[in-house]
Amino acid sequence: MAQDTTPAAKPKRFRRTKRTAIELPLIPLREMVIFPHMTVPVTVARSKSLLALEEAGKDKGQLFLVCQKNIADEPSPGDLYPVGTIVTLEQSLRMPDGTTQALVAGKIRAAVLEVTQTEPHFWARVRPVGDQARKTVEVQALMRLVLSQYETYINLSEDAPEDAIDSLRAIDEPGWLADMVSYSPHLDRTQRQMLLETLDPVQRLRMVSTILSKQIELLELKQKIQSEVHRGIDKSQREYHLREQMKAIQRELGELEPEAALSHEMRRKVEEAGMPEEVQAKALQEVERLAQVPSMSPEIAVIRNYLDWLVALPWSRETLDNLDLQQAARVLDEDHYGLAKVKERILEYIAVRKLTQKMRSPILCFVGPPGVGKTSLGRSIARALGRRFVRISLGGIRDEAEIRGHRRTYVGAMPGRVIQSMRTAGYKNPLFMLDEIDKVGVDFRGDPSAALLEVLDPEQNHAFSDHFLEMPFDLSRVIFITTANQLDPIPPALRDRMEVIELPGYTEEEKLGIARRFLVPKQLEQHGISDRLLCFSRESLVHIVRDYTDEAGVRNLEREIANVCRKAARRIAEGHIRIIVVGRKDLARYLGPPRFLHWVAEEQDEVGLATGLAWTPNGGEVLSVEVNLLEGKPDLILTGHLGDVMQESAQAALTYARSHAAELCIDAAAFEQNAIHIHVPAGAIPKDGPSAGITLATALVSALTGRPVRRDVAMTGEITLRGNVLPVGGIKEKLLAARRAGLTRVVLPRRNRKDLTELPGKPAEQLDLVLVENMSEVLRVALAGNAQPELLGGFRLAAASTGA
């Protein structure tokens with residue numbers, strides 16, 4: 001051990017350096033704070049502390065004990081708190097392990113003035129600090145409060161000695177009382193040192209009262225929590241004992257226990273569900289698990305939910321198809337007007353099913369603009385076949401789990417919407433409609449359209465796997481019908497699995513028939529009006545279709561008919577009139593002025609003005625193409641909100657005119673001395689597509705040659721640089737628009753002759769259709785003063801002439 005080299009290596013014990021200061025051996029304490037009036041045991045193990053203890057035992061046995069700020073093995077003077085306690089050594093006992101058990105009695109507080117020596121042990125010069133406080137009424141009240149609080153604390157605490165309150169009642173000094181309470185086990189080292197350093201007894205007593213209040217509050221809260229826990233445990237134990245008693249009674253009566261009864265009932269349902277062998281084996285395995293799992297286990301709910309889904313699915317139940325072709329055709333005609341292609345496809349399926357049971361169920365995709373009856377057509381087909389109808393709206397779905405479901409490991413897991421709908425249908429062969437399949441989204445949760453590949457693939461859907469079931473489910477008997485407004489957003493792999501049937505917009509005649517057969521009777525019934533009180537003339541319905549709606553379907557038409565019915569119902573209810581006949585002149589009163597103005601032919605033939613036909617989602621439209629020549633720098637000016645393809649068509653038309661200028665009798669200088677301005681009216685409406693090519697070329701040639709264009713001729717077709725006329729789409733809608741506008745002759749590409757076979761009879765009969773192959777034939781028909789083609793095979797074929 002290192003020796004202290006200071007001059008006072010062995011000072012006299014208990015030397016008094018001043019009147020109020022004394023020098024004593026010092027022992028640092030790790031986690032212990034000793035108060036005056038306390039007799040406590042202390043374990044001394046460090047060598048310096050043992051030497052200090054021996055030094056104190058040689059004389060009066062006085063020591064100075066002070067707590068250290070940290071638990072270091074060799075504290076320095078700076079690691080000691082400034083206030084400690086002077087104690088007397090009552091007795092000491094050497095232990096076999098080398099430590100010494102000392103019993104010390106606290107005498108008085110003392111403040112450390114200086115640590116005078118550190119070797120071979122600590123010596124400190126300290127000044128004792130006594131307690132002096134007047135026992136006023138306030139002090140006595142405070143002492144009683146602390147005694148009351150401490151008694152409450154003892155009653156609530158489990159580790160406080162019950163006889164401690166008796167010894168405290170004999171204390172009549174506030175400082176002494178505070179020190180005695182401070183030594184209670186509820187205080188930590190920091191709180192005790194703070195109380196030791198508080199020299200004012202009254203202030204120390206107030207601090208003790210505050211600490212006791214907090215401890216009492218914590219103990220009361222702890223007792224409350226424990227009481228609630230005990231009540232819950234007691235209730236659970238009581239329920240457990242009652243259940244055991246019920247089981248004993250049921251055994252005596254020969255009845256099954258609840259768990260056994262549940263598993264027995266589930267086993268019966270599994271055996272009666274008609275499951276495939278693989279699925280039934282899995283279900284019976286889960287039933288065995290259900291019987292073995294304790295009744296209080298949360299796994300019970302998971303297993304039971306899984307079994308409930310398995311037994312509720314229609315594994316073998318199916319409806320018998322209605323194979324009466326006449327009845328099916330009658331049902332389809334009752335519900336929908338027109339749509340011959342769709343009805344024919346369904347009747348073909350029924351006919352094949354009548355001959356063989358091996359045919360796979362069709363997977364159809366109805367594509368068409370809104371309001372043409374795609375969804376309602378699915379209901380009608382289900383009614384015609386005698387099958388259940390289920391529908392899922394796919395619009396906005398972005399999570400693959402919506403189709404395939406969640407795995408059972410997730411809380412609240414459920415099957416996907418396909419399996420849910422099969423459970424709702426109750427049979428394995430419903431008609432399943434997947435609405436708005438073109439509006440399925442994709443995000444980080446997966447691609448629902450990819451999950452639909454298995455559903456809509458006839459080679460795979462006989463063993464559709466849902467994540468929740470984890471067992472194959474047969475969807476091959478289901479008739480799937482999907483609907484879409486456009487084909488482009490549908491992934492090619494998904495589109496390839498479906499038979500696409502396009503539902504174009506209704507013609508004016510079809511809308512009129514739908515209004516008279518379906519919409520008007522439906523609205524009269526909904527408004528409580530008899531057909532004898534309100535009727536629509538044919539002319540009024542025609543003008544509602546033309547002037548108040550602009551759509552491919554009939555939704556807005558139904559709304560306008562409903563508007564008329566509401567206003568008529570008010571007049572009838574008020575008693576103003578009994579019978580109402582809605583004519584054309586009455587529409588302004590019920591619906592206001594016309595909302596849509598249609599194209600009107602010019603009064604005479606014009607130079608540089610040609611009439612074209614365009615297709616829109618709402619049907620066909622008639623548009624005009626205007627061309628003017630402006631003297632000046634050569635340029636091509638295009639206006640009218642034209643798209644890129646239509647602008648390219650205008651450039652192709654100009655190139656054709658320049659390359660055939662001699663044949664068309666056009667002065668070549670006209671292209672160098674004039675700017676050409678091409679405009680398509682209704683500039684706020686975007687226009688695009690190649691079908692206006694021959695119209696642009698006709699108007700351009702008319703302006704360059706000064707020859708007028710016939711006002712009763714409309715045209716559509718794509719033009720090439722060599723003047724060939726290529727086929728275009730939307731022929732049906734374009735011809736209906738031409739007829740509606742009062743045009744009498746329409747120029748079409750000869751390659752579109754195949755599309756004319758699907759036209760209704762009246763448009764073909766009321767229009768003079770001219771089929772052409774090149775631009776010279778178009779100009780011969782369109783420009784005024786030319787000889788007209790002869791009628792051949794029901795259509796007029798333009799002569800193959802290069803002259804204009």
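This short talk walks through the cysteines, one helix and two buried residues of the structure shown above.

Let me say at the outset that this is a predicted model, and that every value I quote was computed from it.

I will begin with the cysteines. A disulfide is a covalent bond between the sulfur atoms of two cysteines. When the whole structure is searched for such bonds, the count comes to zero. Two cysteines illustrate contrasting surroundings: C67 has a relative accessibility of 2% and therefore counts as buried, given that buried means under 20%, whereas C665, at 67%, counts as exposed because that class begins over 50%.

Next, helix α12, which runs over residues 374–385. Its twelve residues reach 17 Å from the first C-alpha to the last, which is close to the 16 Å expected at 1.5 Å a residue. Which residues of α12 are buried? They are K374, L377, G378, S380, I381, A382, A384 and L385. In reading that list it helps to recall that an α-helix has 3.6 residues a turn, so residues three or four places apart point the same way. The cover over the buried residues of α12 includes two helices, α10 (325–335) and α11 (340–355), together with the strands β7 (363–367), β8 (389–393), β9 (431–435) and β12 (479–484). Just past the end of α12, G386 adopts a positive phi of about 75°.

From there I turn to T85, a residue of strand β4, which spans 83–94. T85 has a relative accessible area of 0%, and so it is buried. Where does the side chain of T85 reach at 2.4 Å? It reaches the backbone oxygen of I34, a distance I would ask you to keep in mind when you inspect the coordinates. Setting aside neighbours within four places in sequence, the contacts of T85 take in I34, F35 and P36, then L63, F64 and L65, then G106, K107 and I108, and lastly L196.

My final residue is Q523, which sits in helix α17, residues 508–526. With a relative accessible area of 4%, Q523 is buried as well, because the limit for that class is under 20%. Not counting residues up to four places away in sequence, Q523 touches E558, I561, A562 and C565. With E558 there is a polar contact, side chain to side chain, at 3.0 Å. As for I561, it lies 38 residues from Q523 along the chain, and yet the C-alpha atoms of the two are separated by 7.3 Å.

Definitions and conventions: Residues are numbered from 1 along each chain as its sequence is written. This is a predicted model: local features need pLDDT of at least 70, side-chain atom pairs count only at pLDDT 80 or more; totals for chains, interfaces and linings use all residues. Side-chain values use heavy atoms; hydrogens and water are left out. A disulfide is a pair of cysteine sulfur atoms within 2.5 Å. Buried means under 20% relative accessible area, exposed over 50%, partly exposed in between (1.4 Å probe, protein chains only). Helices (H or I, at least four residues) and strands (E, at least two) are DSSP runs, numbered from the N terminus. The expected span of a helix is 1.5 Å times one less than its number of residues. Contact means heavy atoms within 4.5 Å. A polar contact is a pair of N or O atoms within 3.5 Å; within protein, one must be able to donate a hydrogen and the other to accept it, and residues adjacent in sequence count only if both atoms are side-chain atoms.
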